[in-house]
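Open the model in your viewer and keep the selection tool handy. We will go from stop to stop, and at each one you will find something to select and something to look at.

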Amino acid sequence: MNIEYGVLKREDLKEAVKMSVRAYEDYAYFANYFPDTKERLKALWVVMYRGWLTYFSQAHFLTARLDGKIVGLAELEPPHFKRPSVFQFLIHGWLQVYFDVNFRRMQTWLAMDEAAGKPCHDYKKSGPDIWYVGSLTVDPPFQGKGIGANLIAFAGDYVRERGGKQLTLFTNSEKNIAFYTKCGFETFHECEIAHDGKTMGSWSVKKSV
């Protein structure tokens, strides 16, 4: 496959979100909190599209493309990244989240998401050259073909060219943690997250680039 790696253009954000929704559709990180498939797909769309639209001026979005089609995406947050204000979220349509998804479930998921990411965000504060990988996805039909590993390598080169020395991220899948370990990441925090009788692991990892 002739995969091309590059930077996402703003006008291609919706295409990237559609691909990422497919990748995360059955992920326990969302499925445990939104058991209804229809609601989960709505939650995935509004969280990713509205969130990334808000982040776009600060974050870096890298893509893997096959014949021009986005088949992989990495969202990177640089050391100077600052969480947008409530106002910035609102002007990018964040209220749509609560029209499309049950308020209580969304609030519970947001609290979990913040807690799950805290070890990485705390670690990121420990140095001026640490980048956070907010999301790394590969379209399901193209998984297992080396695209994810090559996208991580591309992200490492991209970050290093901008003065970065480390990447950090977290995952909630044993399959994924095995993948990241194979890609050279090491675990520095591990815990379990329980919700409505369902439990999933959470691993925070880091890698020098």
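Begin by selecting Phe99, which counts as exposed at 68% relative accessibility (exposed means over 50% relative accessible area, buried under 20%, and partly exposed in between, with a 1.4 Å probe and protein chains only). Phe99 sits in helix H5, residues 96-100; helices (H or I, at least four residues) and strands (E, at least two) are DSSP runs, numbered from the N terminus. Before moving on, note that this is a predicted model, in which local features need pLDDT of at least 70, side-chain atom pairs count only at pLDDT 80 or more, and totals for chains, interfaces and linings use all residues. Residues are numbered from 1 along each chain as its sequence is written, and side-chain values use heavy atoms, with hydrogens and water left out.

Now add Val86, Leu90 and Leu95 to Phe99: together these residues make a nonpolar surface patch of about 460 Å². Patches are built from residues with over 30% relative accessible area and no salt bridge, joining like charges within 9 Å and nonpolar side chains (Val, Leu, Ile, Met, Phe, Trp, Tyr) within 5 Å. The areas come from the Shrake-Rupley method with a 1.4 Å probe, and for residues only the protein chains shown count as cover.

Next come the salt bridges, each a side-chain nitrogen of Lys or Arg within 4 Å of a carboxyl oxygen of Asp or Glu. How many salt bridges does this rule give? The count is six, and three stops will show you some of them.

Select Arg22 and Asp139, whose closest N and O atoms are 2.9 Å apart in a salt bridge. Arg22 is in helix H1 (residues 13-24) and Asp139 is in the loop between strand E4 (130-138) and helix H7 (147-161), so this pair ties together parts 117 residues apart in sequence. Arg22 is partly exposed at 38% relative accessibility, whereas Asp139 is buried at 2%.

Move to Arg105 and Glu39, a salt bridge with its closest N and O atoms 2.9 Å apart. Here too distant parts of the chain are linked: Arg105 belongs to helix H6 (residues 103-124) and Glu39 to helix H3 (residues 37-55), 66 residues apart. Is Glu39 buried or exposed? Glu39 counts as buried, at 10% relative accessibility, while Arg105 is partly exposed at 25%.

For the third pair, pick Asp122 and Lys118, with closest N and O atoms 2.6 Å apart. Both are in helix H6, four residues apart, about one turn of the helix. Asp122 is partly exposed at 35% relative accessibility, and so is Lys118 at 47%.

Go back to H3 and look at its N-terminal end, which Asp36 caps with a side-chain oxygen 3.3 Å from the backbone nitrogen of Lys38. A similar selection works at helix H8 (residues 174-182), where Ser173 caps the N-terminal end and a side-chain oxygen lies 3.2 Å from the backbone nitrogen of Lys175. Such polar contacts are pairs of N or O atoms within 3.5 Å; within protein, one must be able to donate a hydrogen and the other to accept it, and residues adjacent in sequence count only if both atoms are side-chain atoms. Just after H8, click Gly184, which takes a positive phi of about 100°.

Finish at Gly6 in strand E1, residues 3-7. Gly6 is buried, at 18% relative accessibility.
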